[in-house]
Amino acid sequence: MKKIILSGSTATGDLTIGNYIGAINNWKSLQEEFDCLYFVADLHALTVKQDPEQLRKRCLSFFAQYLALGLDPDKNTLFLQSHVPEHTELSWVLTCLTPMGNLNRMTQFKDKSQQHSKNINAGLFTYPVLMAADILLYQADLIPVGEDQKQHLELCRDIVVYFENHYGEGVFKMPEPYIGEQGARIMSLQDASKKMSKSDENEKNFVSIIDPPKKIQKKIKSAVTDSGEVISYDPENKAGLSNLLTIYSVLSKRTVNQIVNDYEGKMYGHLKVDLAELVCETLKPVQEKYEDLMKNEDHLQALMKKGANKARERASATLKNVYDRIGLLPR
Ligand code: ATP
Ligand code: MG
């Protein structure tokens, strides 16, 4: 039996080459070895105010991008979180088991409530419990987590312990963090001290998967570097340039050293022009496939439905066990 892996991306902003390099590209390589579930976290997106029409479009677009980036709907279970109602149902049960104190400790809540100080809603606070439900519904063995999600996975493990203390063992699997091949962390193009983030308000900070080539060229050309002239990899003193070298290295599958050697005696501008071309070339087939997929919404919806049905088979079995264990009558 293959081990079960689950991961997702919140439906906010535009998927970036950071998401591609740090997450989706790795998801693709896991699809042979593991039993993978990948979802578009549309419910998580609601912790921030959303325009309904935009949210609808974005969810469809993210799903199509998962496919265009090479996630195979036959090998994986690909779905939208809201299409599997068990997520919200389990989330409520777990919310009632989670002490406020544990949620108060979440650093991401502190960060995000500063970021969205005008909309500090209860969902922002209980979001890690919904994430625990996402994970526990599928008896997932492994969860690929970035630094920013480690604390939430710990909370999920605590919740399993609370549940078992009350209701006994055997309902949930204790998930482990998955530390795969070190996925590169891609930094913002205008400020390399922070990570590239898809919900960044300044779109010059990221390259989106579906940006047209002209836009990609412009964004990379205007990426902030330094006033030096020698191309070398030095994340501390040349953070912007080093970030470009990292992107170059991952996409060209060559080492940073090889690239630095190639650019000996050349200027930053040369590197930027070539990198922009490489990014455009890499994304070209993805964008073509994406355009095709977006032309046929019925097909996309059929795939979503198929994925949700596959997901629900597992999720409903777990939820049934939970309801039974906690004393809710069968329906
Ligand atoms: P947001 O700003 O909305 O949080 P995000 O870009 O951080 O957007 P997430 O939905 O939080 O995206 O994360 C999706 C996946 O992409 C996660 O696995 C995360 O680790 C990965 N990821 C996000 N940003 C980067 C980045 N700059 N470099 C590498 N991986 C990234
Ligand atoms: Mg994030």
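**Helix crossing, salt bridges and two loop residues**

Helix H1 passes helix H10 in a left-handed crossing. The model in which this crossing appears is a predicted one. Two packed helices are described by the angle between their axes and the distance between the axes. Here H1 covers residues 17-30 and H10 covers residues 239-252; their axes come within 12 Å and cross at roughly 55 degrees. That angle makes H1 oblique to H10, because an angle that is neither roughly parallel, roughly antiparallel nor roughly perpendicular counts as oblique.

The side of H1 that takes part in the contact is represented by Ile17, Tyr20 and Ile21, which meet Ile247, Val250 and Leu251 of H10. Sorted by type, the residues of this contact are six nonpolar, no polar and no charged.

Just past H10 the chain enters the loop that leads to helix H11, residues 256-262, and Lys253 has its place in this loop. The phi angle of Lys253 is near 60 degrees, which is a positive value in a residue other than glycine. Lys253 has a relative accessible area of 76% and is therefore exposed, since the cut-off for exposed is over 50%.

A second residue with a positive phi is Gln139, with a value near 55 degrees, and Gln139 is likewise not a glycine. Gln139 sits in the loop that joins helix H7 (122-136) to strand E4 (142-144). Its relative accessible area is 24%, so Gln139 is partly exposed.

The charged side chains come next. Side chains of opposite charge can pair when their charged atoms come close. Across the whole structure, a search finds 16 salt bridges. One of them joins the side chains of Lys306 and Asp74, at 2.8 Å from N to O. Lys306 belongs to helix H13 (residues 297-326), while Asp74 is in the loop between helix H3 (52-68) and strand E3 (77-80), so this pair ties together parts that are 232 residues apart in sequence. How accessible are the two partners, Lys306 and Asp74? Lys306 counts as partly exposed at 38% relative accessibility, whereas Asp74, with a relative accessible area of 57%, is exposed.

Another salt bridge is formed by the side chains of Lys215 and Glu203, with an N to O distance of 3.3 Å. Lys215 is in helix H9 (residues 213-221) and Glu203 is in the loop between strand E5 (176-178) and H9, so the parts tied together by this pair are 12 residues apart in sequence. Lys215 has a relative accessible area of 31% and is partly exposed; Glu203, at 38% relative accessibility, also counts as partly exposed. This pair does not stand alone: Glu203 and Lys215 are linked with Asp211 and Lys219 in a network of salt bridges.

A further bridge connects the side chains of Arg254 and Asp262, with 2.4 Å from N to O. Arg254 is partly exposed, with a relative accessible area of 30%. Asp262 counts as partly exposed too, at 41% relative accessibility.

Notes: Residues are numbered from 1 along each chain as its sequence is written. Chains are lettered from A and ligands numbered from 1 in the order in which they are written. This is a predicted model: local features need pLDDT of at least 70, side-chain atom pairs count only at pLDDT 80 or more; totals for chains, interfaces and linings use all residues. Side-chain values use heavy atoms; hydrogens and water are left out. Axes are lines fitted to C-alpha atoms, for helices over the stretch in contact, and angles run from 0 to 180 degrees between N-to-C directions. Helices (H or I, at least four residues) and strands (E, at least two) are DSSP runs, numbered from the N terminus. Angles under 35 degrees count as roughly parallel, over 145 as roughly antiparallel, 65 to 115 as roughly perpendicular and the rest as oblique. A crossing is left-handed if the near helix is turned anticlockwise from the far one by less than a right angle, and right-handed if clockwise. Contact means heavy atoms within 4.5 Å. Ala, Val, Leu, Ile, Met, Phe, Trp, Tyr, Cys and Pro count as nonpolar, Asp, Glu, Lys and Arg as charged, and the others, Gly among them, as polar. Buried means under 20% relative accessible area, exposed over 50%, partly exposed in between (1.4 Å probe, protein chains only). A salt bridge is a side-chain nitrogen of Lys or Arg within 4 Å of a carboxyl oxygen of Asp or Glu.
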